[in-house]
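Hi everyone, thanks for coming. Please take a moment with the picture I'm about to put up, and then I'll walk you through it.

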Amino acid sequence: MTLPLKTPARHPGRAPLLAAAACALWAALAVQAATPPSSAPSAAAGAASAAALEVPTPTDATPPSSLGQRIYSQTKPRLLQVRTLLKTQDSQSSVGSGFLVSNEGHLITNYHVVSQYALKPDRHRLVYVSADGQQGPLDLLAVDVIHDLALLKPADPKALAGRGAISFRPSSLALERGARMFALGNPLDVGFAVNEGAFNGPVERSFTETLFFGGAMSPGMSGGPALDEQGRLVGVNVAKRLDGEQVSFLIPAKFAESLLNNARNGKPITTPAYPQLTEQITAHQQHLTERFMAQPWRSAGHSRYTIPVPQETFMRCWGQGAGNSGNRGLQFEHTNCEMDSRLFINGSLDIGHIGVRHEVYDGKRIGPLRFAERHSGSFGNEHFGFKSGQTTAPQCKERTVQAGAGANGLPLRAVVCISAYKKLPGLYRMGVLVATVDQSTGGVQGRLDAVGVSFDNGLKLAQHYINGFGWIAPQNASR
């Protein structure tokens with residue numbers, strides 16, 4: 001399994017609590033949120049724990065195909081396919097790749113490769129298949145959902161004894177952009193393979209550190225190793241872009257090394273891993289909220305209002321405008337800002353991200369009555385999801401609020417909605433929808449979505465967003 005990237009149990013008693021929470025949110029929105037403390041940097045990864053592969057240092061005269069053959073030949077004993085099987089029948093429900101990182105048989109793969117087992121171990125089992133056809137059961141020792149990694153070990157470590165381990169390239173040893181790299185795995189379950197490509201540095205504007213690999217990657221290669229010319233681990237295969245060519249992504253090796261060092265002596269996970277996921281996501285959303293709120297809003301360039309537009313430090317903003325054609329006389333401009341980084345939980349749920357968007361409307365050509373109808377219809381067409389197996393039904397409250405200081409604040413029609421994640425206690429999906437109401441033929445509609453945040457942080461983000469609106473022109477300016 002390789003994650004494709006595009007451009008961008010029931011709890012009947014939870015609903016009344018959410019309704020109360022939504023009311024409490026509105027009550028608290030009258031209070032200015034305090035400036036959050038800055039977040040601390042993550043700890044550096046530990047030292048390498050496995051001997052380096054004995055791959056000859058290439059020279060300029062070494063043909064790429066020859067080096068690829070040597071890399072594959074040396075790495076082949078340490079390559080594995082990781083399969084998730086249904087317990088009730090001997091059939092695969094997912095497949096991915098993995099590789100040995102210790103002489104004791106520890107192996108690394110992606111969390112998303114083993115997520116079905118991690119969340120429903122009573123219904124699934126894990127097995128490995130080596131490049132020479134050896135098979136055996138696997139135990140899951142730990143997961144890192146933030147970096148999409150998992151640490152496993154054969155139920156019988158002796159079965160893989162003597163195969164060695166792939167070494168970690170030291171983080172202190174920088175890799176030059178354009179350096180040759182090799183991604184290995186079992187694409188599409190057709191056999192083990194090596195794909196040559198180039199290192200292109202870290203992905204820009206990504207909240208979680210990710211590496212850009214200029215090479216091919218196919219489903220089934222997830223969790224496989226990406227190596228330098230000496231056969232040392234640079235990253236772990238994780239995803240590719242569907243709308244581009246040779247645009248693939250790696251998890252930096254330091255996170256795999258840290259997971260190994262922290263959990264190599266852990267006990268196998270035999271119950272659903274939701275508590276571990278909840279703990280990791282809770283820490284992640286705290287860091288995300290603090291970094292997001294520490295950045296000042298950018299100007300939207302509007303002549304009448306200040307409109308909150310986030311910095312593009314770890315987001316990308318795209319704009320679009322439309323004139324009369326196809327819009328029956330209503331003119332508008334649209335801006336959408338989203339994060340590329342999201343946390344995979346299961347095949348139908350990803351969280352851990354924030355999105356902000358707004359639309360500016362000009363209805364002078366259609367008049368007040370038609371503008372009011374169109375503007376109100378656009379507001380009413382917004383939705384905040386539905387009750388599902390993942391979340392409770394959203395609880396929403398609508399109010400008229402004043403953005404800015406005192407009685408001269410900008411009046412806004414605002415809706416706040418909140419849903420709880422059923423199996424990730426203390427985490428919520430929160431949305432804020434606002435629209436200006438001071439003009440008869442023009443205005444702004446904006447929305448913020450925070451997916452996978454605590455209630456307190458959802459409240460802070462809602463207040464922070466509403467406070468981002470305000471006046472540029474005086475309140476009594478021409479309408």
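Let me begin with a word I'll use a lot: a residue is called buried when its relative accessible area is under 20%, exposed when that area is over 50%, and partly exposed in between. Please also keep in mind that this is a predicted model.

With that word in hand, what share of the protein chain is buried? Of its 479 residues, 52% are buried. The protein chain exposes about 21200 Å², and 52% of that exposed area is supplied by carbon and sulfur atoms. As for secondary structure, you'll find seven helices and 24 strands in the chain.

Now to the barrel. Six strands form a closed barrel, in the order E2-E3-E4-E7-E6-E5, and the pairing is antiparallel. On average, neighbouring strands of this sheet are turned by 40° against each other, ignoring direction. If you'd like to zoom in on one pairing, try strand E3, residues 92-100, with strand E4, residues 107-109: they pair in the antiparallel sense over two bridges. There you can see Phe-99 standing opposite Ile-108 in E4.

Which helices go with these strands? One of them is helix H3, residues 111-119, which lies across E2, E3, E4, E5, E6 and E7. H3 runs at about 30° to E2. Helix H4, residues 253-263, also packs on the sheet, where it touches E4, E6 and E7. The direction of H4 makes about 50° with that of E7.

Let's move along the chain to the disulfides. How many does the structure hold? It holds two. For anyone who wants a reminder, a disulfide is a covalent bond between the sulfur atoms of two cysteines.

One disulfide joins Cys-317 to Cys-337, with 2.0 Å from S to S. The pair links distant parts of the chain, 20 residues apart: Cys-317 sits in strand E15, residues 316-322, and Cys-337 in strand E16, residues 331-338. The torsion about their S-S bond is about 115°, so this disulfide is right-handed. Are these cysteines buried or exposed? Cys-317 has a relative accessible area of 17%, so Cys-317 is buried. Cys-337 counts as buried too, because its relative accessibility is 2%.

The other disulfide joins Cys-396 to Cys-417, with 1.9 Å from S to S. Cys-396 lies in strand E20, residues 395-403, and Cys-417 in strand E21, residues 410-420, so the pair ties together parts that are 21 residues apart in sequence. This link is right-handed as well, with 115° about the S-S bond. Cys-396 counts as partly exposed, because its relative accessibility is 38%, while Cys-417, at 2%, counts as buried. If you number the bonded cysteines in sequence order, the pairing reads 1-2, 3-4.

Last stop: helix H7, residues 455-466. How far apart are its end C-alpha atoms? They are 17 Å apart. At 1.5 Å a residue, the twelve residues of H7 should span 16 Å, so the two values agree. And why can we say that H7 is largely enclosed by the rest of the structure? Because nine of its twelve residues are buried. Among them are Asn-457, Gly-458, Leu-459 and Leu-461, and the buried residues of H7 also include Ala-462, Gln-463, His-464, Tyr-465 and Ile-466.

That's the tour, and I'm happy to go back to any part of it with you.

Conventions: Residues are numbered from 1 along each chain as its sequence is written. This is a predicted model: local features need pLDDT of at least 70, side-chain atom pairs count only at pLDDT 80 or more; totals for chains, interfaces and linings use all residues. Side-chain values use heavy atoms; hydrogens and water are left out. Helices (H or I, at least four residues) and strands (E, at least two) are DSSP runs, numbered from the N terminus. The expected span of a helix is 1.5 Å times one less than its number of residues. Buried means under 20% relative accessible area, exposed over 50%, partly exposed in between (1.4 Å probe, protein chains only). Accessible areas come from the Shrake-Rupley method with a 1.4 Å probe; for residues, only the protein chains shown count as cover. A disulfide is a pair of cysteine sulfur atoms within 2.5 Å. Two strands pair if DSSP finds at least two bridges between them. Axes are lines fitted to C-alpha atoms, for helices over the stretch in contact, and angles run from 0 to 180 degrees between N-to-C directions. Contact means heavy atoms within 4.5 Å.
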